[in-house]
Amino acid sequence: MAVATLRSVLRCEILLPLFETCRLRDLLCFSSSVDAAAAVCGTASPDPHFMVEYLVNSCGFSPSEAAKFSKPLAHLRSTEKPDAVVNFMRSQGFDGAGIRKVISLRPIYLCCNVEKNLAPKFQFLRDLGLSESDIVDAILKNNAILRHDLHRSFVPKLEVWESLLGSRELVFKHLKKTGWFFFSSVEKTLHPNLKFLRDECGIPEERLSLVLRGRPQLMSQKPESLRALVARVEELGMPRQSRMFIWTLKVFHKVSKERFEAKVELMRSFGWSESEFSSAARKAPTFLAMSLDMVRRKMEFFINVVGYDPSFIASQPNLLLFSLRRRVIPRFRVTEMLKSKGLCTRQRKLAGILFLSDTKFMEKFVLLHKENVPELLDILRVAGTCKGNDTFHLASEDKGLADDLICDDEVCSGFNGV
């Protein structure tokens, strides 16, 4: 009874000085074989909440965060391993925020064996040619690198993805951006998906590689999900043998059924029939990934300002892929001004003009008339496509139409008097 009362007093720590408290705890709670110094320091059998204090003081977590992340670490009896992990990560270029992110994603990383688990992985990544900052970026995006076995998991996946993407540099480029695609099972996911797309769908590996460079996640989804995606594309009437098939798969991987149906309803409101929609999607599947607001603005501009019939746009769906602000509106204004000056002698449709390269458009419609109509350059400067007197911005030409697809930024609302 007396011992129980004394223990209660000691837990409250209100009647005895700290030194006497520790001595009495040693006498009551520890055998004589336990080193007294270890009992005082708390390393042999510490306070159950000592990791909360550690995460606050050593890692910079808030008390509430530390309480949350310390739960998987309750079995620890000292800070030896956490100290080793934190110090190692600092030596590898991680700052405080980076260390906190890794710990918050998986606190048990603080229990890793640095020499056997962490150091070999960092050395392997360095041997592959990654810089210190590259490694930090890759791990912050893919903390699974720290927990997967180097030779049984990481290396086999690296080899598969290097083969699929065409180069190791592309694999690491994606790993530094987002890497959840990387750790899909080789046997259960990657090989079955590759066999399905190559052997059953007839997609050549070089074409598949081109698509995967932009969206590797297409290959890392579950095989049943990939087959369902193929079925959706086939519902459009797109044959598997079509060169557009794999590109449409890529788009559909980003577009949910709900977004797709919303796009169908929008185009129906502009007068498109179901067959016109399917035909347009087969010709220019990228427009399916554009926002509803962007498609609506483009349709309204082509119909209300340019005067195109909705059926004509359905037959030329690539028109919807051009940036309104950077290409459509500036070129429309240039041609309208030339017409008003009587300088556009041939009646050329805007659709054909939009498909001209930047250089050809500049030569035929701007530079040819810059002496008589200098304001043409002003139109392009306002649009941000012309710099200086006659230097045209050729970024979209370097990357082809793909750069103009979905990167359209805001369009001047209430566009009038074009």
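Start by selecting helix 4: the elements that cover its buried residues include helix 5, helix 6 and helix 7 (96-105). Before you zoom in, keep in mind that this is a predicted model.

**Stop 1: helix 4 and what follows**

Show the side chains of F50, M51, V52, Y54, L55 and C59, the buried residues of helix 4, which spans residues 50-59. An α-helix has 3.6 residues a turn, so residues three or four places apart point the same way. Next, step to G60, which follows helix 4 and has a positive phi, near 90°.

**Stop 2: R77**

Now select R77, in the loop that links helix 5 (63-69) to helix 6 (80-91). Is R77 buried or exposed? Neither label fits, because its relative accessibility of 48% puts R77 in the partly exposed class. Draw a C-alpha to C-alpha distance from R77 to F50 and you should get 9.0 Å, for two residues 27 apart in sequence. The side chain of R77 also has backbone oxygens to look at. One belongs to A74, at 3.3 Å from a polar side-chain atom of R77; another belongs to H75, which the R77 side chain reaches at 3.4 Å.

**Stop 3: the whole chain**

Zoom out and switch to a cartoon view. The protein chain has 25 helices and 2 strands. Of its 418 residues, 42% are buried. If you plot a contact map, take the contacts between residues at least 6 apart in sequence: 68% of them join residues at least 24 apart. With a surface turned on, the chain exposes about 22,000 Å², and carbon and sulfur atoms supply 52% of that area.

**Stop 4: the nonpolar cores**

Hide the surface and select W272, F287 and F302. In the largest nonpolar core, which has 107 residues, these three touch the most other members. Helix 10 (residues 150-165) gives this core 8 residues, the most of any contributor. A second, separate core has 13 residues, including L356, M362, F365 and L380.

Which residues does F302 touch, once those up to four places away in sequence are set aside? Select G307, Y308, I313, L319, L320, V328, L350 and L354 to see them.

**Stop 5: helix 10 against helix 11**

Two packed helices are described by the angle between their axes and the distance between the axes. Select helix 10 together with helix 11 (residues 168-177): their axes come within 8 Å and cross at roughly 110°. The two helices are therefore roughly perpendicular to each other. To see where they meet, show L158, W161, E162 and L165 on helix 10, and R168, L170, V171, F172 and H174 on helix 11.

**Stop 6: helix 16 and its cover**

Move on to helix 16 (residues 245-254), whose buried residues are F245, I246, T248, L249, V251 and F252. Colour the surroundings by element, and you will find that the cover over these residues includes helix 12, helix 13 (205-214), helix 14 (217-220), helix 15 (223-235) and helix 17 (257-269).

**Stop 7: N193**

Finish on helix 12, residues 186-200, where N193 is found. N193 counts as buried because its relative accessibility is 1%, and buried means under 20%. Where does the side chain of N193 reach? Its target is the backbone oxygen of Q221, at 2.8 Å. Beyond neighbours within four places in sequence, N193 is in contact with M219, Q221, K222, P223 and L226.

Technical notes:
Residues are numbered from 1 along each chain as its sequence is written. This is a predicted model: local features need pLDDT of at least 70, side-chain atom pairs count only at pLDDT 80 or more; totals for chains, interfaces and linings use all residues. Side-chain values use heavy atoms; hydrogens and water are left out. Helices (H or I, at least four residues) and strands (E, at least two) are DSSP runs, numbered from the N terminus. Buried means under 20% relative accessible area, exposed over 50%, partly exposed in between (1.4 Å probe, protein chains only). A polar contact is a pair of N or O atoms within 3.5 Å; within protein, one must be able to donate a hydrogen and the other to accept it, and residues adjacent in sequence count only if both atoms are side-chain atoms. Contact means heavy atoms within 4.5 Å. Accessible areas come from the Shrake-Rupley method with a 1.4 Å probe; for residues, only the protein chains shown count as cover. A nonpolar core is a set of buried Ala, Val, Leu, Ile, Met, Phe, Trp, Tyr and Cys residues joined through side-chain atoms within 4.5 Å. Axes are lines fitted to C-alpha atoms, for helices over the stretch in contact, and angles run from 0 to 180 degrees between N-to-C directions. Angles under 35 degrees count as roughly parallel, over 145 as roughly antiparallel, 65 to 115 as roughly perpendicular and the rest as oblique.
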